[in-house]
Amino acid sequence: MRLTFRRTKAAVLMASALLIACVITLTGAQAAALTLVDGPAGGSGPAAAIEGKDEIVYANLTANGGVSAVYVVNRFKVAEAGRVTDYGSYDSVVNLTDVAPLAEEGDAVVFEAGKGNFYYQGNKAAADLPWLFTIEYYLNGAGITPQELAGQSGDLEISLRVAKNPDADPVFSDNYVVQLSLTLDSDRCGDITAPGATIANAGKDTVIAYQVLPGEDADITVRASVSDFVMNGVEISALPFSMEFDLPDMDGMIDDFEKLPDAIADLNGGVGELSGGADAYKSGMDALEDGSAGIEQGLDALNKSAPSLTSASAQMESALSQMSSALASSLSDTPDISSLAQLPGSLSQIAGGLRATAAGLDASAAAGINAMADNLDGIAQNIAASLSALDSLGQLQQLADGLAGLSESYGQFHKGLTDYTDGVGAIDAGYKDFHSGLSSLADGSGDIADGIRKLYDGTSQLEDETAGLPETLRSEMDDMLDRYTGADFEPVSFVSPRNTDVDLVQFVLKCQGVQKPEKAPAPAADPARDTVLDRFLALFTKE
């Protein structure tokens, strides 16, 4: 009997060890199927005093980034034992602390917890994670599935996109930093490039790490030359973003910015005065251009009338010369002075033409031409008076002498008139160039005024926008520091907004790797034939 007892005790110990090993190796989903009952579930005692709660969200992702399973490990820091009610919709729950059952009442999990840390796990078939992950694989430029990629060789490209999930609470994507890690076998992968990544060697592996800051999306690309390729899955974690900064005294720097708005205001005032001066200069140039245009028009009209004026004057000069010559050579004969009677009217007609020409000229030019017209009128009146008083040959001689003098004087007048009209033509041509340049200058002054006006608009806007610059700068810096230090972030529950006193929520995600299919197991031994081990174990089970 003594020997039999030892054999039986040894068998029980071995069986117990195997049972413990089996329990240890159970996964979360398998453990959910194990039911250990020790009293009623939940409990009706007093509520426990909870100091805080942590949630660790684990998720299994496919090799392409899709969610295949989610389970949450909830940790409670219990200050005083009692009943705990936690909220969350789970497919199944598992007590990770002891063998006491957990009661599910709608979307609540109720249990009794002793003082200290209490853990339980909630399993979900699927859930909306705060981020969407998309992983694509390309071999030699062509898309390929993870299953087809295993064992292949060539130029590999892995494209991984991280984007905020629009269907999930943005509190996590806006405040958490996402860390991604890929591990490549250096014996199988070479020429590795990963823009924006931190690359480190760990033994024969190359570890590629990325960080995606809160509120941002990311497109990640990893390239390598691979041979007989396999890869462990991408590992992803997400934590509240927090950094410690040793910042200098910002108040002194911001105080220096107080001077900037004042300087910009002074600049804007100066530009405003410059703009007013430019407008006044433009107005003056416009008036000058208008006056110059009148002068140009008068000169142009005078120049255009000059040919007819000089032609008429030339005819008058020729007629006077002919009459003077004819009268002088025929004093012995009885002259026909009927043509002389027409001379005063012709002179008056020329004077009228001169006055019409002067009407389109400026005052100084018109005065000279009007004076010439007055002289012609005077000559015409003298000739008319002389003809009316002509009663003898003596007087006719006097008329001939006067006509000769008139012809000579008119020749000088005609020469001066011709020189004058030639000068007017030259002045008109030169003044056109002057007026064209003046017009260009006036247009340029307009462009300058418009440019300065736009500059004034810009400096006015700059003054308005920088008036509160120091306060805006201080506010922006405070917001940025709060964002990167996590000062304003209050943790919330991932599984239910009804949960309170949440201290920490973190995410641990694991993607399926690219692996070759496992080989089929070897055929089982014939149960009819005992092995040496079977025979050895049988020694401890026989009576």
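**Exercise 1.** Work out how strand 1 and strand 2 are joined, and how many bridges do it.

*Solution.* Start with the ranges: strand 1 covers residues 49–61 and strand 2 covers residues 67–80. The two run antiparallel, with twelve bridges joining them. Keep in mind that this is a predicted model. For one opposite pair, take Glu55, which faces Asn74 in strand 2. Next, look at the turn: the hairpin has five residues between the strands, and Gly65 takes a positive phi near 100° there.

**Exercise 2.** Find the strand that nine bridges join to strand 2.

*Solution.* Go to residues 116–124, which make up strand 7. Strand 7 runs antiparallel to strand 2. To check a partner, pick Val78: its bridge partner in strand 7 is Gly116.

**Exercise 3.** Write down the strand order of the open sheet of five strands and name its edges.

*Solution.* The order reads 9-8-10-15-12, and the pairing is antiparallel. Strand 9 (142–144) and strand 12 (189–193) each pair on one side only, so they are the edge strands. From one strand to the next, the twist averages 30°. Now zoom in on strand 8 (residues 131–139) and strand 10 (residues 154–164): nine bridges link this antiparallel pair. Here Ile135 sits opposite Leu160 of strand 10.

**Exercise 4.** Which residues have the most contacts inside the largest nonpolar core?

*Solution.* That core has 63 residues, and the answer is Leu180 and Phe507. A separate core has 18 residues, including Leu354 and Met372. Back to Phe507: beyond its neighbours within four places in sequence, its contacts include Val57, Trp131, Phe172 and Phe494.

Methods. Residues are numbered from 1 along each chain as its sequence is written. This is a predicted model: local features need pLDDT of at least 70, side-chain atom pairs count only at pLDDT 80 or more; totals for chains, interfaces and linings use all residues. Side-chain values use heavy atoms; hydrogens and water are left out. A nonpolar core is a set of buried Ala, Val, Leu, Ile, Met, Phe, Trp, Tyr and Cys residues joined through side-chain atoms within 4.5 Å. Buried means under 20% relative accessible area, exposed over 50%, partly exposed in between (1.4 Å probe, protein chains only). Contact means heavy atoms within 4.5 Å. Two strands pair if DSSP finds at least two bridges between them. Helices (H or I, at least four residues) and strands (E, at least two) are DSSP runs, numbered from the N terminus. Axes are lines fitted to C-alpha atoms, for helices over the stretch in contact, and angles run from 0 to 180 degrees between N-to-C directions.
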